[in-house]
Every structure is written in structure tokens, then in C-alpha cells.
Amino acid sequence: MDINGKEYLTIAFPKGKLFGLSKELFSRVGYTADGLEEKSRKLIIANEEKKIRFIVAKTADVPTYVEYGAADIGVIGKDVLAEEEKDVYEVLDLGFGKCHLMMAVDKAEKREKLTDYAHTRVATKFPHIAEQFFTKKGMQMEYIKLNGSIELGPLVGLSESIVDIVETGTTLKENNLEEIAHIMDASARLIVNRVSYKLKFDRIYRLVEDLRGTLESGEAKR
Ligand code: PRP
């Protein structure tokens, strides 16, 4: 067996919200494999005939697999990509997984202006993006890194605000939080390892063009 996967094109999909849409989009261009499921206990799922391997990784780890060439290609949200700042090519906006990053506060404790939050604590899964945003505003903040349920921060007195993603707005609404600053828009992106892009150029180029064609024809789900 080719353990390093040189003969194969290895693709990393993130677990969670983007998995199903990634699988669906790739299947439209013939990139499928039996047993490719989000919760599969098998970690590498191969299509021997087409020489494709899929790995299903924790979302924040996808850019790492691609940067080191353990995967040639990955699907990842722009939010995670901006946070991780990995050295990879971002080649295509896949259009799905649309959301935005923002700052929100407890409605009941809302201050008059953004700068009134300077020197307060902000809970976030995205400390780098948050720091870049507040630094541009000339605000020094204390960053508290959380890994999920960020909205809890202001509700239990851990922080005065959060920086997090919003998709439908339901979580903010249900927890009495209000968005007070938009930080960036995000959606799923296709990323490629820099060396793979040269060594496996023909296959990767064809795949990217097929995906682009499918997206432009409007066949893919959004
Ligand atoms: C994300 C995000 C918000 C929520 C926003 O959490 O952190 O909590 O989705 O979506 P909405 O605007 O549609 O309500 P996710 O479900 O990824 O889980 P997490 O709390 O573990 O981060």
C-alpha cells in the first residue's frame, strides 16, 4: 500500500456543518468513496479505482493537514482559515456555509459605543481575528479562548462580549445577545497544499475546474 498517498489525491473534509455539503459537492464531480461518513470510525476512506482518499478531520485541524501535505486538498470555512493563518493556497469559494463573524454583547448591559468596551474581556474561538479587529479600532482587550458555546460568556459573567460566527441569528436571539459590530463575511473555501499543487497539478487543476463548473451551473446545493 502507498502509505504516503503519493499516487492518491488526498482530500480533507471538516466534521460538522460543512461535511454534508462538501460530500455532496464532490460527489457531483465523481469524487466519492464507499463508507465516506462524518461519524465513520475508519479514518481514511479510499476509492481505490479513482485513487482518491478522504480524511474527515476536526474543523480546526483541516488547514494543518493541508499545510503539511498530509492532505493535498481541504474544505474549510474562511473564518477558520483566517484564524489559523496557514501557508496554503485558497483556490475556490465554494459558496456554501455562509456566515459572518461579529462582536455581540448582552442586550441588557449594552454600552453606548464600541470603544466603551475597551479593556474588557471578550470570549471567542477566534482570538487572532478578534485581536486584529480590536487593534485596528485602537482597543486593547483581554481575550478568553473558548472552544464552543461562546454565547455563554456574557451570560455567566465570564466576559463582557463575544466574537463569534452567526449563521441564522437564532443563538444570539435565544440568549438575549445583540450584534454591535460586523467583522468579516465567511463561507467554505477549497484549499490546496503548495507542493501538491505543483506535483499533482493536472489532477488538481481538473478537479478545481470541475467544481467551479458545477458551482457556476447552479447544480450544487447552497
Ligand atoms: C456556531 C456559533 C454559534 C452558532 C451560530 O456554533 O459558534 O454558536 O453556530 O449559528 P446561528 O446564528 O444559526 O444560531 P456551533 O453550532 O458550530 O457550535 P459551538 O457552540 O460548539 O461552537
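These are my notebook entries on the cores and one sheet of this structure.

**Model.** I worked from a predicted model, in which local features need pLDDT of at least 70 and side-chain atom pairs count only at pLDDT 80 or more, while totals for chains, interfaces and linings use all residues. Residues are numbered from 1 along each chain as its sequence is written, and side-chain values use heavy atoms, with hydrogens and water left out.

**Cores.** I looked up the largest nonpolar core (buried Ala, Val, Leu, Ile, Met, Phe, Trp, Tyr and Cys residues joined through side-chain atoms within 4.5 Å; buried means under 20% relative accessible area with a 1.4 Å probe, protein chains only) and found 28 residues, with Phe26, Tyr31, Leu94 and Leu190 having the most contacts inside it. Among the elements that each supply at least two of its residues are β1 (9-14), α1 (17-28) and β11 (188-192), with helices being DSSP runs of H or I of at least four residues and strands runs of E of at least two, numbered from the N terminus. The largest share, five residues, comes from α8. Apart from this core lies another, of 17 residues, among them Tyr117 and Phe126.

**Sheet.** I then traced an open sheet of five strands in the order β8-β7-β9-β6-β10, with mixed pairing, where two strands pair if DSSP finds at least two bridges between them. β8 (142-145) and β10 (177-186) stand at the edges with a single partner strand each, so one side of each is left without a neighbour in the sheet. Within this sheet I noted that β7 (residues 121-124) and β9 (residues 161-166) run parallel and are joined by three bridges, and that Thr124 has Val163 in β9 as its bridge partner.

Conventions. Buried means under 20% relative accessible area, exposed over 50%, partly exposed in between (1.4 Å probe, protein chains only).
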